[in-house]
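Here's a quick briefing to read with the model open beside you. Take the topics in any order you like.

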Amino acid sequence: MENETILTYIESLLPEQDESIKKMEEYAEQNVVPIMEKTGIEVLISLLVLKQPRKILEIGTAIGYSAIRMCRALPQAEIVTAERNAERYKQASQNITENGLSDRITALHGDALQLKEQIEEKGPYDVIFIDAAKGQYMRFFEMYEPMLSEGGCIITDNVLFKGLVANEEEDMSFHRRRRALLRKIRSYNEWLMSHPSYHTAIFPVGDGMAVSIKRGEQDE
């Protein structure tokens, strides 16, 4: 997303992570597991520290990297996170246990579109973080936003998808499935920005992050 020189400079300023976090980052790189980019996770954590949520719902656990980073930054928070990939769920559970966070992070195995009842009974949530199948973003949002607490916010990652959403002229060079995914992300972004119940801003950090803040009655 960002100019490479600027991105490299910003990343050089980030504090060094401990061995547990490094281990997860190395595992993700070696096993081609998508985790948040370094600048993206830092911005997410900064937003959450300002918000101070007590309960967070994460759609898309992967190996538990972002859930663990969020939990460490927010000592009072509890996180419910869902992952459909069995191998990643297993690795996430192991990472959560090794970091001593099993009492504050509840990992659920299954498709988030089929876990509504389990997730709802653990709510409501002050923050919902969507970082799963990009083609299902709108369905995730519509299914879980009723579980958001008053004044809560929904954060969606990867909404700029390596910058590809910004250039429709390049679409014909992509495979049909990639073009379809890009259309879905663009539609989601447009829908978010015009949603009457949320104020949304899209930030060009990491792979693009949308922050949607639930409006109060006086704002609608």
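A word on terms before the pocket comes up: helices and strands here are DSSP runs, numbered from the N terminus. Keep in mind that this is a predicted model. Helix H4 (residues 65–73) is a good place to start, with seven of its nine residues buried. H4 also turns up in the lining of the largest pocket and in the largest nonpolar core.

**Helix H4 and the cores**

- The buried stretch of H4 is made up of Tyr65, Ser66, Ala67, Ile68, Arg69, Met70 and Cys71.
- The largest nonpolar core counts 31 residues, and Leu44, Leu48, Ile105 and Ile155 have the most contacts inside it.
- At least two residues of this core come from each of helix H2 (19–30), helix H3 (38–51), H4, S3, strand S4 (125–130), strand S5 (148–157) and strand S7 (209–214).
- H4 is the top contributor to this core, giving five residues.
- There's also a second, separate core of 30 residues, with Leu57, Val80, Leu115 and Leu182 among them.
- Looking past residues up to four places away in sequence, Leu44 touches Met36, Met70, Phe129, Ile155 and Met209.

**The largest pocket**

- Its volume comes to about 870 Å³.
- Of the 35 lining residues, Pro34, Asp131, Ala132, Ala133 and Lys134 sit nearest the centre of the pocket.
- Strand S1 (55–59), H4, strand S2 (78–83) and helix H8 (176–193) each put at least two residues into the lining.
- The lining is a mix of 14 nonpolar, nine polar and 12 charged residues.

**Asn99, a loop residue**

- You'll find Asn99 in the loop between helix H5 (86–98) and strand S3 (105–109).
- Is Asn99 buried or exposed? Its relative accessible area is 17%, so it counts as buried, the cut-off being under 20%.
- A polar atom of the Asn99 side chain lies 2.8 Å from the backbone oxygen of Asn95.
- Setting aside neighbours within four places in sequence, Asn99 is in contact with Ser20, Met24, Ile68 and Arg72.

**Backbone oddities**

- The Gly123 to Pro124 peptide bond is cis, with omega near 0 degrees, and Pro124 lies in the loop between helix H6 (116–120) and S4.
- Val32 isn't a glycine, yet it has a positive phi of about 50 degrees. Val32 belongs to the loop between H2 and H3 and is exposed at 68% relative accessibility.
- Lys162, also not a glycine, has a positive phi of about 60 degrees. Lys162 is in the loop between S5 and H8, and its relative accessible area of 59% makes it exposed.

How values were computed: Residues are numbered from 1 along each chain as its sequence is written. This is a predicted model: local features need pLDDT of at least 70, side-chain atom pairs count only at pLDDT 80 or more; totals for chains, interfaces and linings use all residues. Side-chain values use heavy atoms; hydrogens and water are left out. Buried means under 20% relative accessible area, exposed over 50%, partly exposed in between (1.4 Å probe, protein chains only). Helices (H or I, at least four residues) and strands (E, at least two) are DSSP runs, numbered from the N terminus. On a 1 Å grid over the protein atoms alone, a cavity is a set of points where a 1.4 Å probe fits but cannot get out, and a pocket is an open set with protein on both sides within 12 Å along at least five of seven lines; lining residues have an atom within 4 Å of a point. Grid points are joined across faces, edges and corners, and a volume is the space filled by probe spheres set on the points. Ala, Val, Leu, Ile, Met, Phe, Trp, Tyr, Cys and Pro count as nonpolar, Asp, Glu, Lys and Arg as charged, and the others, Gly among them, as polar. A polar contact is a pair of N or O atoms within 3.5 Å; within protein, one must be able to donate a hydrogen and the other to accept it, and residues adjacent in sequence count only if both atoms are side-chain atoms. Contact means heavy atoms within 4.5 Å. A nonpolar core is a set of buried Ala, Val, Leu, Ile, Met, Phe, Trp, Tyr and Cys residues joined through side-chain atoms within 4.5 Å.
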